[in-house]
Amino acid sequence: MTAAKQPVWDVVALGEALVEFNQTRPGEPQYLQGFGGDTSNAVIAAARAGARTAYLTRLGSDAFGQALLELWAREGVDTKAVERDVQHPTGIYFVTHGAAGHEFSYLRAGSAASRMAPAWLLDASANGPAAVLQQCRILHVSGISLAVSASACDAAYEAMRVARAAGARVAFDPNLRLKLWPLARARACIAHAVSLCDIFLPGLDDMAALLGLHDADAIADWGHAQGAATVVVKLGADGVLLSSADPAVPRQRVPGRSVALVDATGAGDCFDGNLLARLALGDDLAAAVAYANTAASLAVQGFGAVAPLPTAQQVQALL
């Protein structure tokens, strides 16, 4: 960071946040309202870890958009650059439960967030997205940030460029959702995003589906070949693989924690947010991964994506 642009935020995330309606009993029309969206979950996790955070998105001028703003306000996530849209709604999704397990149904086509575009992103006012991007330590985006629309994909690329030009690091989690886009487009767009990032955060299952890669070392090699300096491969219960493009830094496997699994929803988002928070706050990569591993092990012991995200005090107590 230059002296003129000291970071105001440690972690900034860009993407689509959603309102969730989770069926309380299979086959019955009662739903519990919650919140979702991978980068929103991650930035809340970073805030609970003690980082100064902000979120970049667009919301409908509706009750659901207002509920999300109130959520972020409670969590200490800055929303000054979030734009409201009077013509397009906030995205929502439903979780239903049956004999085959749970199923997700999305109502996000044409959402306000899907209308993100580079022109919106480059608002240079004091409260605009560009000002936030130019004053952060780490920007976090995901494959879902790219997949919701072609214009959102372009906006995410532009955000990555602006943040790096200002001296920030960029983190990218592919978080593959093939219901959102064709595999061929996902492969091309995700590969380009990895070339624009500093910290690549793939999951083993995602990379198997995306590229047919089932080995953590092969995934790390691929990430470095695209241009990522740091690759952290998430292996679920088996922990993570850390890899640096610096040949002087050896690869390292960090084992997972054995816990009673209740709900893995948002575990990867929890890991991402805590990892980036600790890196922004000065931890080295190994220490940040140990912290994030511990945070994710706590998160999977509760229900939902947001409610079980741990605080820094809870993680430190377990560490």
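How many of the five residues of strand β14 are buried? Good morning, colleagues. Before I answer, please note that the structure in front of you is a predicted model.

The answer is four: strand β14, which spans residues 240–244, is mostly covered. Let us consider its partners. On one side of the discussion stands strand β13, residues 230–234, which runs antiparallel to β14 and is joined to it by five bridges. Within this pairing, Val233 has Leu241 of β14 as its bridge partner. The two strands, β13 and β14, form a hairpin with five residues between them. In that hairpin, Gly236 adopts a positive phi, near 65°.

Strand β14 also pairs with strand β15, residues 252–254. Here three bridges make the connection, and the strands again run antiparallel. As an example, Val240 is placed opposite Val254 of β15.

I now turn to a single residue elsewhere in the chain, Gln23. Gln23 belongs to strand β2, which covers residues 18–23. Is Gln23 buried or exposed? Its relative accessible area is 8%, and because the cut-off for burial is under 20%, Gln23 counts as buried.

What does the side chain of Gln23 reach? It extends to the backbone oxygen of Glu28, at 3.0 Å. Glu28 also appears among the contacts of Gln23 once neighbours within four places in sequence are set aside. The others on that list are Gln30, Tyr31, Val95, Thr96 and His97.

To close, I would ask you to keep two pictures in mind: strand β14, joined by bridges to β13 and to β15, and the buried residue Gln23 in strand β2. Thank you.

Notes: Residues are numbered from 1 along each chain as its sequence is written. This is a predicted model: local features need pLDDT of at least 70, side-chain atom pairs count only at pLDDT 80 or more; totals for chains, interfaces and linings use all residues. Side-chain values use heavy atoms; hydrogens and water are left out. Buried means under 20% relative accessible area, exposed over 50%, partly exposed in between (1.4 Å probe, protein chains only). A polar contact is a pair of N or O atoms within 3.5 Å; within protein, one must be able to donate a hydrogen and the other to accept it, and residues adjacent in sequence count only if both atoms are side-chain atoms. Contact means heavy atoms within 4.5 Å. Two strands pair if DSSP finds at least two bridges between them.
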